[in-house]
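Student: I have a new structure open and I'm not sure how to read it. Could you walk me through some of its features?

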Amino acid sequence: MKWSFDILVVGAGPAGMAAAVTAAGAGQHVGLVDDNPAPGGQIWRSGAPLPAAALRWQARLDASSVVRLHGWRVFDCPQPNLLRAERNGSRPAHPDAEIDENRDCAELRCRALILATGARERFLPFPGWTLPNVMGAGGLDAMVRGGLPIAGKRVVIAGTGPLLLAVAAHLAARQAEIAVICEQAPLSRLARFAAGMFTEPAKLWQGARYRIAIRQTPYRTGSWPIAAHGRDRLEAVTLQQGRKRWDVPCDYLGCGFHLVPNLELPELLGCRIEDGFVATDAMLQTSVPNVYCAGEPTGIGGVELSLLEGQIAGLSASGSIDRARSLARQRRRKLGFVRALQRACELDPQLRGLPTNDTIVCRCEDVRHQSLSGHTTWRDAKLHTRCGMGPCQGRVCGAAVEFLFGWHAGSVRPPLFPVSVSSLVSPREPALANENLVAANAFHENAKETP
Amino acid sequence: MSEPARRIPVTVNGAIIQVAPGTTIASAVLMAGQTARVSVSGEPRGPLCGMGICFECRVTIDGVPHQRSCQILCTPGIRVTTKEMTEGSGGSATP
């Protein structure tokens, strides 16, 4: 037996949860596949108190008929109605047992596909950024939600975007000492952004609440880290604001320059990309028939927009066009925020000067800045230096070289992630792992208990 | 629920540590004072993205190398080894 659905949703963040629940509510047989151990995506990652909306959608998902595959990663899509996925953390039940890797590969068929693949942080290379304990801002937050003790630790948060304040507020609530927040955008631009937010009072209020929660912490605009120092892990960072430079000793640096969408799967399917995002019509259908897209891959717009888009995609994929259309009108009113946020987070050209000659740009292959600068395209650089050809397949350095050199990523090819040879050659249905569900549930129970 | 203080024993590079349910292996590795992989030019590396895309947190779990530790939860008795030399012969790590 193979797994077969009316609608398959890839990604179980807010957009994917909303899409799956809505489509199931419209009477469809829905599958939801995601590579994390539990639903929620990054923004609703458990391990910290979750907002009411997250608990509400989680409850709806739990009460729905959606078949959930947590801990599965889609690595190939030979046709728009056929996906192949591999289970994370595949391991033998007993340490001495033979590894049966076949049980960890699945073939998922569907009539319609909804891509809710989310976004990742944009990382920029600077001297020392490869030191352990230098992480993304969201990366550090995810580690803390995953159990990393942060109380009493000295933390610097840097980069750009609203995520910085949210992460700082969360870590401060866990008794981390936030030494400083460095936002690369200039104050004038942030002020313009905030002034334009009068149509989004909830977002303004949330930002203000974050700021109040960390009112003791200096928030420096037009400021960024220029170096991280330490022997075999982070000990201090050098920060810059205008002509001023100073050192801050710290245990962790969380540094991320806003978000970039996860476009690998949409690109593999041949979905048209416009200005760096998946192009859709108002019903969220992509350029490929029966393939829909919702959430950050259509434009970075945050949780509320993602929920709305998930519902629209779920309805239109189910053929409930009238209901989809009325939500699509609501969505249109929110798109101004997407553009305003993108403008606010635009990178300062000075950040191109951060890497020195021997700064590693491609972390997988340890390719340094000096060996890249002579090349004219990413393809050229790849062939000569292996930049972007390691296990992450350019997911980290791709956005960096685009900013540093203006190179655009080439074509996407399967497998989207490194997989075992047996997964490549032998697709099978997943043993819908009870242990997975049990682990996910335990995770949530634990999250609810967190004070 | 009824056992809020439940701890899960995890072995990291031979040392046993106790972690709370819901702890990722990546966090357990850092809690054990370890870093994750060694880069192709010999640098120690730790988690960067925390969400399964950067591959910097790869470790060997129960003898299976190259596992992204940030996406896998600790389960009782799991054995983790770090600092495998990552590229080249995939199965070189020994638990």
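Tutor: Sure, we'll go feature by feature, and keep in mind that this is a predicted model.

Student: Let's begin with a helix. Which residues of helix 2 of chain A are buried?

Tutor: A general idea helps here. An α-helix has 3.6 residues a turn, so residues three or four places apart point the same way. Now the case in hand: helix 2 of chain A covers residues 52-63, 12 residues in total. From first C-alpha to last, helix 2 reaches 17 Å, close to the 16 Å expected at 1.5 Å a residue. Its buried residues are A:Ala54, A:Trp57, A:Gln58 and A:Leu61. Looking down the axis of helix 2 of chain A, you'd find these buried residues within an arc of 105°, so they line one face of the helix.

Student: And what is exposed on the other side of helix 2 of chain A?

Tutor: There you have A:Ala52, A:Arg56, A:Ala59 and A:Ala63, which are exposed. As for the buried residues, what covers them includes helix 1 (14-25) of chain A.

Student: Okay, sheets next. In what order do the 5 strands of the parallel sheet in chain A run?

Tutor: The order is 8-15-9-10-11, and the sheet is open. Look for the edges: strand 8 (134-135) and strand 11 (219-221) of chain A each have a single partner strand, so one side of each is left without a neighbour in the sheet. Further in, strand 9 (residues 154-160) and strand 15 (residues 252-257) of chain A pair in the parallel sense over 6 bridges. To see one spot in that region, find A:Thr160, which stands opposite A:Phe257 in strand 15 of chain A.

Student: Which helix 4 contacts should I look for on that sheet?

Tutor: Helix 4 (residues 163-173) of chain A packs on the sheet and touches strand 9, strand 10 (177-183) and strand 15 of chain A. Compare directions too: that of helix 4 makes about 180° with that of strand 10 of chain A.

Student: What about the sheet of 3 strands in chain A: is its pairing parallel or antiparallel?

Tutor: Antiparallel, in the order 12-13-14, and this sheet is open. Strand 12 (223-229) and strand 14 (244-249) of chain A are the edge strands, each pairing on one side only. On average, neighbouring strands here are turned by 25° against each other, direction ignored. Strand 13 (residues 236-241) and strand 14 of chain A pair over 6 bridges. A:Thr238 stands opposite A:Asp247 in strand 14 of chain A.

Student: Now backbone angles. Which backbone values should catch my eye?

Tutor: Most residues other than glycine have a negative phi, and most peptide bonds are trans. A:Arg386 is not a glycine, yet its phi is positive, about 70°. You'll find A:Arg386 in the loop between helix 11 and helix 12 of chain A, and it is partly exposed, with 16 other C-beta atoms within 10 Å. In chain B, B:His66 has a positive phi near 60°. B:His66 lies in strand 4 (residues 64-68) of chain B and is partly exposed, with 19 other C-beta atoms within 10 Å.

Student: And where is the cis peptide bond?

Tutor: It joins A:Pro414 and A:Pro415, with omega about -5°. A:Pro415 sits in the loop between helix 12 and helix 13 (421-425) of chain A. Helix 12 of chain A is itself followed by A:Gly406, whose phi is positive, near 75°.

Student: How many helices and strands does chain B have?

Tutor: Chain B has 1 helix and 5 strands, running β-β-α-β-β-β from the N terminus on. Buried residues make up 52% of its 95 residues.

Student: Last one: how many residues does each chain bring to the contact?

Tutor: Chain A brings 46 residues and chain B brings 42 residues. On the chain A side, strand 7 (119-121), helix 3 (137-145) and helix 14 (434-449) each supply at least two residues. Helix 14 of chain A gives the most, with 7 residues. By type, the chain A side divides into 19 nonpolar, 15 polar and 12 charged residues.

Technical notes
Residues numbered from 1 in each chain as written. Chains lettered and ligands numbered in written order. Predicted model: local features only at pLDDT ≥ 70, side-chain atom pairs only at ≥ 80, totals over all residues. Contact = placed C-beta atoms within 7 Å. Helix = DSSP H or I, 4+ residues; strand = E, 2+ residues; numbered from the N terminus. Nonpolar A, V, L, I, M, F, W, Y, C, P; charged D, E, K, R; others polar. Pairing = 2+ DSSP bridges. Axes fitted to C-alpha atoms, helices over the stretch in contact; angles between N-to-C directions. Expected span 1.5 Å × (residues − 1). Buried ≥ 20, exposed ≤ 12 C-beta atoms within 10 Å, placed from the backbone. Arc of directions from axis to C-beta.
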